[in-house]
Amino acid sequence: MWWLLLFALAKDPAVCLKQARVKIEKNQNAEDLLRCAAKGGIAEGQYLLGRLILNRIAAEDEPERFEGLAWVALAAKSGYPPASRRWEILAADLPLEDLERIEQKTKKLL
């Protein structure tokens, strides 16, 4: 029965975020844990996942770029201060077409 509790905790967004922070501090890949936290509605997880995606892409035309921007936008909409500041910087340089595409992407993420 204890393994059921461990499995349930592993899927808890708050637990995922906590485990992701540990991995990030150790410079380990935390994307799966950040996705768990982000999809669970935790703004910090959304922001960190968005930044992770944006930091690893090389070209602006990569499809992942819009996913990364969408996660940052969702975290900003939730009122997470670092995301709000970052979104203001990012959005200022985006054309209207990209902003619309990001808006559409945010609706598909959750």
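This passage describes the helices, contacts and individual residues of a predicted model.

The secondary structure of the protein comprises seven helices and zero strands. Along the sequence, the elements accordingly follow one another in the pattern α-α-α-α-α-α-α. Of the 110 residues in the protein, 36% are buried. Among contacts with a separation of 6 or more, 50% are accounted for by residues 24 or more positions apart.

The packing of helix 5 (residues 63–77) and helix 7 (residues 96–109) was examined in detail. The axes of these two helices come within 8 Å and cross at roughly 75°. Because angles of 65 to 115 degrees count as roughly perpendicular, helix 5 and helix 7 are placed in that class. On the side of helix 5, the contact is formed by Arg-65, Phe-66, Glu-67, Leu-69, Ala-70, Trp-71, Ala-73, Leu-74 and Lys-77. Helix 7 contributes Asp-98, Arg-101, Ile-102, Glu-103, Lys-105, Thr-106 and Leu-109. By character, the residues of this contact comprise eight nonpolar, one polar and seven charged.

Thr-106 illustrates the contact from the side of helix 7, in which it lies. With a relative accessible area of 6%, Thr-106 is buried, since the cut-off for burial is under 20%. When residues up to four places away in sequence are not counted, Thr-106 touches Ala-70, Ala-73, Leu-74 and Lys-77. These four partners also appear among the residues that helix 5 brings to the contact. Two further participants from helix 5, Arg-65 and Phe-66, are related by a charge placed over a ring: Arg-65 lies over the face of Phe-66, at 5.0 Å from the ring centre.

One aromatic pair is present in the structure. The ring centres of Tyr-47 and Tyr-80 are 5.7 Å apart and the ring planes stand at 55°, so the pair is classed as tilted. The pair links distant parts of the chain, its members being 33 residues apart. Tyr-47 belongs to helix 4 (residues 43–56), whereas Tyr-80 is located in the loop between helix 5 and helix 6 (81–92). The two residues are assigned to separate accessibility classes: Tyr-47 counts as buried at 11% relative accessibility, while Tyr-80, at 21%, counts as partly exposed.

Pro-82 lies in helix 6. At 24% relative accessibility, Pro-82 counts as partly exposed. Pro-82 and Glu-44 are separated by 38 residues in sequence, yet their C-alpha atoms are 8.6 Å apart in space. Glu-44 falls within the range of helix 4, residues 43–56.

The region around helix 3 (31–39) was considered last. Within this helix, Glu-31, Leu-33, Leu-34, Cys-36, Ala-37 and Ala-38 are buried. Positive phi values occur on both sides of helix 3. In the loop between helix 2 (13–25) and helix 3, Asn-27 has a positive phi of about 55° although it is not a glycine. Asn-27 is exposed, with a relative accessible area of 73%. Just after helix 3, Gly-41 takes a positive phi of about 90°.

Notes
Residues numbered from 1 in each chain as written. Predicted model: local features only at pLDDT ≥ 70, side-chain atom pairs only at ≥ 80, totals over all residues. Heavy atoms only, no water. Phe/Tyr/Trp six-rings, centres within 6.5 Å; stacked < 30°, edge-to-face > 60°. Buried < 20%, exposed > 50% of the residue type's maximum accessible area, 1.4 Å probe, protein only. Lys NZ or Arg CZ within 6 Å of the ring centre and 35° of its normal. Axes fitted to C-alpha atoms, helices over the stretch in contact; angles between N-to-C directions. Parallel < 35°, antiparallel > 145°, perpendicular 65-115°, else oblique. Contact = heavy atoms within 4.5 Å. Nonpolar A, V, L, I, M, F, W, Y, C, P; charged D, E, K, R; others polar.
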